[in-house]
Amino acid sequence: MTTRAGLLILWLLLALFLLFPFYYALVSSFTPGSDIFNARYWPASPTLANYQAVMTGQPFGRNILNSVLVASLVVVLSLGLGVLAAYALGRVRFAGRRLLLYTILGVSMFPQVAVLAGLFEIVRLFGLYDSLLALVFSNMILTLPFTVWVLTAFMRELPVEIEEAAIMDGATPWVLVTRIFLPLMGPAMVATGLLAFIAAWNEFLFALSFTLSNTQRTVPVAIALITGASQYELPWGNIMAASAIVTVPLIGLVLVFQRRLVAGLTAGAVKG
Amino acid sequence: MASVHLDNVAKHFGTTEVIRQLDLRIDSGEFIVFVGASGSGKSTLLRMIAGLETVSSGRILIGDRDVTDCPPAERGISMVFQSYALYPHMDVRGNISFGLKLARSSHDTIATRVARAARMLQIEELLDRKPAQLSGGQRQRVAIARAIVREPSVFLFDEPLSNLDAALRAHTRVEIAELHRSLGATMIYVTHDQIEAMSLADRMVVLKDGRVEQIGRPEELYRRPATRYVGGFLGTPAMNFLVPRRIEGRVAVLESGDEIALPDCDTAQVKTIGVRPEDIQIGGGGIAVSIFHVEELGETRIAHVRLGNTHELAVRSRSIDTDATQTWIKLHFPADRLHLFDRDDRRVAGN
């Protein structure tokens with residue numbers, strides 16, 4: 001009985017620790033003006049003024065759309081390239097396969113700052129500066145390594161005989177990928193796709209460095225650049241409102257895909 | 001139905017030879033079993049016929065057609081895999097009809113063929129289930145139905161029974177034999193299980209290290225093994241082997257000094273004498289051996305005996321007492337039941 005109560009307390013503490021910051025941000029976003037500096041755990045007179053200010057003060061709708069575009073494109077490209085790479089790395093025998101796999105993993109070891117200057121040159125070279133494509137391109141550095149790794153590991157777990165049975169049944173490589181591999185890898189793709197989406201959605205440094213104009217910015221940068229009436233004032237209410245707006249879609253996505261996410265992350269652990 | 005001709009096929013991975021120069025003609029409608037220990041190349045050979053493995057040299061003909069460079073789906077063959085290899089995300093109907101759909105068969109054709117295959121294998125009530133909801137035996141049936149539905153001229157089986165329990169294996173063995181009779185198709189079957197091979201095969205191909213040891217009817221291989229390996233491979237308990245100290249005319253002298261009369265043949269070549277446990281006779285005048293263990297098998301008993309210090313033999317006979325351990329008996333080796341092998345482990349000419 002006591003262990004159970006203890007466990008419950010532990011869970012509550014953990015939940016408090018995880019959820020309180022978000023809750024406080026939410027409360028602050030509904031608190032008007034300077035009232036925000038009185039610590040409260042419930043908005044005294046809730047108002048949507050902060051939200052209105054965020055949407056009118058800058059092209060925030062446009063920023064959200066940018067983020068959605070960038071993140072979605074990163075997910076699609078990462079999964080597409082990831083599946084093709086996983087097939088090669090997981091199934092085809094060739095010299096240097098292991099080396100290639102570790103090189104891909106090695107890419108994710110470099111801190112973003114280390115590759116920033118080099119990436120900037122490449123972005124300039126392709127004339128992508130201040131464009132969303134620059135962000136898609138650079139975010140893939142973050143998402144591709146783990147996408148390839150997770151999908152390769154998953155591909156290796158799939159029995160070769162299933163693939164051979166399909167070949168005997170007359171499946172072309174295209175049919176093999178679309179009708180056999182994609183359905184079987186669904187859970188793994190949902191998991192890695194979601195992680196890639198979150199990574200791209202939250203990415204800040206590249207977005208700050210490779211875009212200039214308000215209309216090309218993604219949400220994290222837009223929030224960071226929200227300014228008050230003077231340089232001595234930080235509009236906390238607006239920032240909290242913006243944060244709430246951009247957090248909701250992520251929570252929604254995770255909730256929608258929750259079951260598949262768990263299935264994907266634990267895939268291969270137990271043989272079905 | 002079609003004949004299959006392996007025309008001097010060989011396979012090597014790098015410098016490792018997996019299949020060495022093999023020539024085999026399989027008649028239309030024949031049930032051929034490739035049997036051998038693991039690493040003998042039997043599965044590789046089957047996969048070469050299937051087209052899942054390339055051929056290093058030689059040709060493969062199905063019917064009169066050279067299919068050496070044909071993709072698997074265009075060879076007119078179906079294959080049943082050891083792990084069944086069902087598509088986990090499709091229901092049974094989807095699994096069975098996948099090949100037909102890819103071949104763009106009409107809906108009517110697919111429906112009638114699936115129904116016929118399902119009826120044949122008694123899986124009609126399972127058609128809407130997923131493979132995960134099926135037992136091992138049911139998955140096996142679905143895998144066979146998937147092979148049948150494409151109406152191939154040659155069926156390939158890669159150890160299809162090895163994942164089933166013993167009782168179900170014996171049962172399914174009979175069903176496969178019935179299936180062969182009713183379809184009349186050519187079947188090529190790979191197994192490491194000699195009982196499965198003996199019971200199913202019209203002809204057996206015993207492989208060892210990528211080389212054919214012997215090809216023939218099961219009884220022929222059992223009665224007249226061409227090599228020592230084939231003799232030892234077929235039969236349980238395995239054939240007993242005696243290595244005599246010397247040969248004097250038509251008599252082999254063992255290390256213990258005991259003598260065994262040999263049949264009329266080129267006895268000077270003899271290096272090993274093989275004799276099956278059931279061919280050894282007990283009693284009368286003969287070689288004295290001590291029993292160290294008796295196995296009760298119900299319909300018969302197996303006595304494990306020591307002959308001198310060098311040989312342990314198995315003797316199969318109903319007449320051995322179970323409490324005969326540590327006692328002595330006399331064994332007689334009938335000359336016409338001996339298998340004589342030479343220095344190269346080949347059957348001695350004239351034996």
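Two strands pair if DSSP finds at least two bridges between them. With that definition in hand, the tour of this predicted model can begin at a hairpin in chain B.

**Stop 1: the hairpin of β4(B) and β5(B)**

Select β4 (57-62) of chain B together with β5 (65-66) of chain B. These strands run antiparallel and are joined by two bridges. Centre the view on B:Leu61, whose bridge partner in β5(B) is B:Asp66. The two strands form a hairpin with two residues between them. In the turn, B:Gly63 has a positive phi of about 65°.

**Stop 2: the four-stranded sheet**

Extend the selection to the sheet that contains this hairpin. Four strands of chain B form an open sheet in the order β2-β1-β4-β5, and the pairing is antiparallel. The edge strands are β2 (16-26) and β5 (65-66) of chain B, each of which pairs on one side only.

Next, select β1(B), residues 4-13, which pairs with β2(B) in the antiparallel sense over seven bridges. To inspect this pairing, display B:Lys11, which stands opposite B:Ile19 in β2(B). On β4(B), β1(B) has a further antiparallel partner, and five bridges link the two strands. Here the pair to display is B:Leu6 and B:Ile60, the latter in β4(B) and opposite the former. With side chains shown, it is useful to recall that in a regular strand the side chains alternate between the two faces of the sheet.

Now add helix α1(B), residues 42-50. Across which strands does helix α1 of chain B lie? The helix lies across β1, β2 and β4 of chain B, and runs at about 120° to β1(B).

**Stop 3: the six-stranded sheet**

Move to the other sheet on this route. This open sheet of chain B has six strands in the order β6-β7-β8-β3-β9-β10, with mixed pairing. Its edge strands are β6 and β10 (211-216) of chain B, and each pairs on one side only. On average, neighbouring strands of this sheet are turned by 15° against each other, direction ignored.

Select β7(B), residues 154-158, and β8(B), residues 186-191: the two run parallel and are joined by five bridges. Within this pair, B:Asp158 stands opposite B:Val190 in β8(B). Then add helix α4(B), residues 136-148, which packs on the sheet and touches β6 and β7 of chain B. The direction of α4(B) makes about 175° with that of β6(B).

**Stop 4: the domains of chain B**

Zoom out and colour chain B by domain. The domain assignment gives domain 1 (4-230) and domain 2 (240-341). The C-alpha centres of these two domains of chain B lie 39 Å apart.

**Stop 5: where chain B touches chain A**

Show both chains and select the residues in contact. On the side of chain B there are 17 such residues, and on the side of chain A there are 15. The elements of chain B that give two or more residues to its side are β6 (77-80) and α2 (92-102). Of these, α2(B) supplies the largest share, three residues. Coloured by class, the side of chain B that touches chain A shows 13 nonpolar, four polar and no charged residues.

**Stop 6: the helices of chain A**

Hide chain B and view chain A as a whole. Chain A has 11 helices and zero strands. Along its principal axes, the C-alpha trace of chain A spans about 70 × 65 × 30 Å.

Select α3(A), residues 60-91, and α8(A), residues 173-202, which pack at an angle of about 140° with their axes 9 Å apart. This angle makes α3(A) oblique to α8(A), because angles over 145 degrees are needed to count as roughly antiparallel. The crossing of α3(A) and α8(A) is right-handed. Residues to display in the contact include A:Val70, A:Val74 and A:Gly82 of α3(A), and A:Phe181, A:Met185 and A:Trp201 of α8(A). By class, the residues of this contact divide into 14 nonpolar, five polar and no charged.

Keep α3(A) and replace α8(A) with α6(A), residues 132-157. The axes of α3(A) and α6(A) come within 6 Å and cross at roughly 35°. This crossing, too, is right-handed. The residues of the contact of α3(A) with α6(A) comprise 20 nonpolar, eight polar and two charged.

Notes. Residues are numbered from 1 along each chain as its sequence is written. Chains are lettered from A and ligands numbered from 1 in the order in which they are written. This is a predicted model: local features need pLDDT of at least 70, side-chain atom pairs count only at pLDDT 80 or more; totals for chains, interfaces and linings use all residues. Domain bounds come from an automatic or database domain assignment. Two residues are in contact if their C-beta atoms, placed from the backbone, lie within 7 Å. Axes are lines fitted to C-alpha atoms, for helices over the stretch in contact, and angles run from 0 to 180 degrees between N-to-C directions. Angles under 35 degrees count as roughly parallel, over 145 as roughly antiparallel, 65 to 115 as roughly perpendicular and the rest as oblique. A crossing is left-handed if the near helix is turned anticlockwise from the far one by less than a right angle, and right-handed if clockwise. Ala, Val, Leu, Ile, Met, Phe, Trp, Tyr, Cys and Pro count as nonpolar, Asp, Glu, Lys and Arg as charged, and the others, Gly among them, as polar.
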